[in-house]
Amino acid sequence: MSRRKLSRRQFVAATAMSSAALITAPYVRGAYAAGKLSIGFWDHWVPGANKASTELVNEWAAKEKVEVTIDYIPSQGNKLLLTTQAEAQAKSGHDILAMSTWLPHAHAEQLEPVNDVVEAVIKQSGDVNGTVRYLGQAGGKWLAVPACVGSQIKGPCSRIDLMKKHANIDVQAMYPAGQAPKADAWTTDAFLKAAEACQKGGVPFGIGLGETSDSVDTVGAFFLAFGAEVVDAKGNVVVKNDNVRQVLEFYKKLMAFLPPDAPAWDDSSNNKWLVSGRGALIMNPPSAWAVAKRDAPQVAEQCWTHGFPVGPKGRFAPFLPYYWSIWKFAQNKEAAKSLLLRLSQPDAIEKMVTASGGYDLPAFEKLTTLKTWAEEGPPKGTLYHYPNPHKHQVLSISASPAPPKVAQQIYTQATLTKMCVRFYQGEPMEKTLAWAEGELEGFMRS
Amino acid sequence: MVDVAFPPNRVAGAGGTRKRSSLRTALKRKSTTAFLMTLPLILLIVILVIYPAFFSLHLATLNKSMQRFVGLGNFEFLFKRDTFWLVVKQSCIFALTAVFFKALIGFIVAHFVHNIPAKGQRKWRGMLLVPWVIPPAMSTLAWLWLFDPSYSAFNYTLSFFGVGPIPWTGDAAWARFSVILVNIWVGAPFFMIMYLAALKSVPDQLYEAAAIDGANWWQRIWYVTLPMMRNIIAITTLFSLIVTFANFDIVRILTAGGPLDHTHIFATWAFRVGIEGSDVPLGASVSLFMLPILAIAAIFILRDINKRGNEA
């Protein structure tokens, strides 16, 4: 038997190669092994709601032996938005980060696709609505997982007594708790008449026309109800069309019945309007009602959340989903996916919805009839129609169907609200449209 | 290899001594000590100012998705936008008007305070500095409540006199007035304290000489006070112009640029476009556009100071 002699030089080379191979080899780690995971969640405004998320994460972490750190980041003062932009620039930060409406598309190139997670959840809990797909998917890839926490519909919240008294509308009969809506007569014309009656009665509808989210969402739903596209799905500027002219005329009539300072309203103005008892209707998720329940119970007892009026092209309500995203630079992607799958299970979602008092909305269709919405009160059933359980209205987002990156510009620049205000303030229709056309062309940058 | 060419200890020892002595000499120099003492601040400025400034320049040359170099393409794009020119116009109106009134009010109040007997002057100085000392983000919130569209305390008060309601933040002209007013309120005390310091350094003999020459109140201001305060006025104006041009918090909190973009200034529009609209390169370009405007202002103001310095 011949024995090959290993020289010193060969020994050193072999050792160096083995060490290099060990260092550079991919570190394969299953989700069920130990590891670290850092999470940036949206800081919920409902007291105790964060606790439900923390408990769910800790349970999962204990089972999977993963060391987790959770930061709850508030959206006030754009803290979460700034964190997202900073992490995107630095390519470093949390593994999982909560992202609002437009941000998954804005950072699409930097996000880990999560088709495996979302498709599994859809199979289990039903499909998502078109808006969730529009905002969360690009080129067939799911950019992020639709989150229950923070997602909301900004539908009308009416005062039962004031609507009956001034507009002769029984919102509870129109949207009965536990039953399908009987709202065929709830049209944009009926809405306009009710707005006029309530304004004459000294309790105008509290709809903002500022540049913040609430104002933009409301105007967007009305634009869609009139079929008024400003940029089509292919990215063509199509603002000069009759549907846009029609909705501008509608808004001009509506604005005459709104508070005169509506162009200066921000997202807190409508809440204050309802809670102070000065108005008969606002467009908001149940946060205003929840504040009223605490600060003005006599107002809260008269609040009823319901659907949007139907326009010539349908009934649309603004839906603002939140997402949980995984950065491409995340250190523990497998664990992140495993956690997001856990947080999207029906029992986890029910726990989070309950903790938020019904504010949070799951994106999946089988989960829109949880008992929280039926039972919350007073008055009992006030939130029954909040999650759109009978698919009575199309859940939409302002500026759609423009390509999301263009729509984000239309949304953040509040182009639609500005068009309404300019036209209302006396600018000729064609001049308003020409101004909008110029603005929209500027949003086509890539 | 030269390690055995000559006795190492001798050469190394000589070199080391020379190095040590030159180091000691360098450390003894006042300029070196001054440099070392300012080094932490220089490092801070490099990390927090110089690096972000160059990074911002780099960002401004990228396309929206930050994957392609576009040179001056972002500026070309901005120059074609009406909203950009509206922002330029508003920033100039905002900064020039606010700085003018801050300087005027500061000058007048400084004279009042200067004429208060020394005993009670400290209290007045302290009280008048309060608006400048409170963080603007906090004080502007109080102003926001005073201007609130629906529950304005001002409108409530004015209603007793049959005036209003005034759309403080809802009408373009009133909104501009409101943001400028708050900026003046916050910034005037700074001018006041600078001018007060300048006033105190004017020798009394000059006023006495002027009085002997029969100068009246206005002539004393025009021919004695103002010339003696010129450099302070110039430096304070330049400093305030820079800070006011770059203002963000007051406008952001009070109007967020509305209504209809009529109160946007460079910083708030850059934030809207760059951070909220996820177009960071365009936002960087908007904020960088302040640089040439302020550079021109600085050249004019500082050149004037040098001229007077040489005359002196």
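Which residue in β9(A) does Cys157(A) stand opposite? In this predicted model, Cys157(A) faces Thr305(A) of β9(A), and the rest of that little sheet is a good place to start.

## Around β7(A)

Strand β7 of chain A covers residues 156-159. It has two antiparallel pairings: one with β9 (residues 303-305) of chain A over 3 bridges, and one with β8 (residues 281-283) of chain A, also over 3 bridges. Cys157(A) turns up in both, since its bridge partner in β8(A) is Ile282(A) and it stands opposite Thr305(A) in β9(A).

Neither face of β7(A) is left open. Pro156(A) and Ser158(A) are buried on one side, and Cys157(A) and Arg159(A) are buried on the other.

## Chain A at a glance

Stepping back, chain A has 20 helices and 11 strands. Its C-alpha atoms fill a box of roughly 105 × 50 × 35 Å along the principal axes. Of its 446 residues, 53% are buried. If you take the contacts with a separation of 6 or more, 77% of them link residues 24 or more positions apart.

## Two domains

Chain A divides into domain 1 (8-147 + 322-361) and domain 2 (153-318 + 396-445). Their centres, taken over C-alpha atoms, are 34 Å apart. Where the two touch, 12 residues come from domain 1 of chain A and 12 from domain 2 of chain A.

On the domain 1 side, α4 (103-106) and α6 (130-136) of chain A each supply at least two residues. Helix α6(A) gives the largest share, with 3 residues. Sorted by class, this side has 7 nonpolar and 5 polar residues, and no charged ones.

## Strand β10(A)

Now for a strand with plenty of partners. β10 of chain A spans residues 316-326, and 11 of its 11 residues are buried. Pointing one way are Phe316(A), Pro318(A), Leu320(A), Tyr322(A), Trp324(A) and Ile326(A). Pointing the other way are Ala317(A), Phe319(A), Pro321(A), Tyr323(A) and Ser325(A).

Two of its pairings are antiparallel: β3 (residues 96-99) of chain A joins it over 4 bridges, and β6 (residues 145-153) of chain A over 5 bridges. Leu97(A) has Ser325(A) as its bridge partner in β10(A), while Gln152(A) stands opposite Leu320(A). With β11 (residues 394-396) of chain A the pairing is parallel, over 3 bridges; there, Pro318(A) is partnered by Ser396(A).

## Helix α11(A)

Helix α11 of chain A takes in residues 242-255. Its 14 residues reach 20 Å from first C-alpha to last, close to the 20 Å expected. The buried ones are Val244(A), Val247(A), Leu248(A), Phe250(A), Tyr251(A), Leu254(A) and Met255(A). Looking down the axis of α11(A), these buried residues fall within an arc of 160°, so they line one face of the helix.

The spacing in that list fits a simple rule of helices. An α-helix has 3.6 residues a turn, so residues three or four places apart point the same way. As for what the buried residues of α11(A) pack against, the partners are α9 (188-200), α10 (213-225), α19 (415-424) and α20 (429-442) of chain A.

## Helix α3(A)

Helix α3(A) has 12 residues and reaches 16 Å from its first C-alpha to its last, close to the 16 Å expected. Leu80(A), Thr84(A), Gln85(A) and Ala88(A) are its buried residues. Seen down the axis of α3(A), they fall within an arc of 135°, so they line one face of the helix. On the other side, Ala86(A) and Ala90(A) are exposed.

The buried residues of α3(A) pack against β1 (35-42), β2 (66-73), β3 and α4 of chain A, and also against α12 (266-276) of chain B. Just after the helix, Lys91(A) takes a positive phi of about 50°.

## Meeting chain B

Across the interface, 28 residues of chain A are in contact with 22 residues of chain B. On the chain A side, the elements giving two or more residues are α3 (79-90), α12 (269-275), α18 (404-412), α19 and α20. The residues on this side of chain A divide into 10 nonpolar, 11 polar and 7 charged.

Key. Residues are numbered from 1 along each chain as its sequence is written. Chains are lettered from A and ligands numbered from 1 in the order in which they are written. This is a predicted model: local features need pLDDT of at least 70, side-chain atom pairs count only at pLDDT 80 or more; totals for chains, interfaces and linings use all residues. The expected span of a helix is 1.5 Å times one less than its number of residues. A residue is buried if 20 or more other C-beta atoms lie within 10 Å of its own, exposed if 12 or fewer, and partly exposed in between; C-beta atoms are placed from the backbone. The arc is that of the directions from the helix axis to the C-beta atoms. Two residues are in contact if their C-beta atoms, placed from the backbone, lie within 7 Å. Ala, Val, Leu, Ile, Met, Phe, Trp, Tyr, Cys and Pro count as nonpolar, Asp, Glu, Lys and Arg as charged, and the others, Gly among them, as polar. Two strands pair if DSSP finds at least two bridges between them. Domain bounds come from an automatic or database domain assignment.
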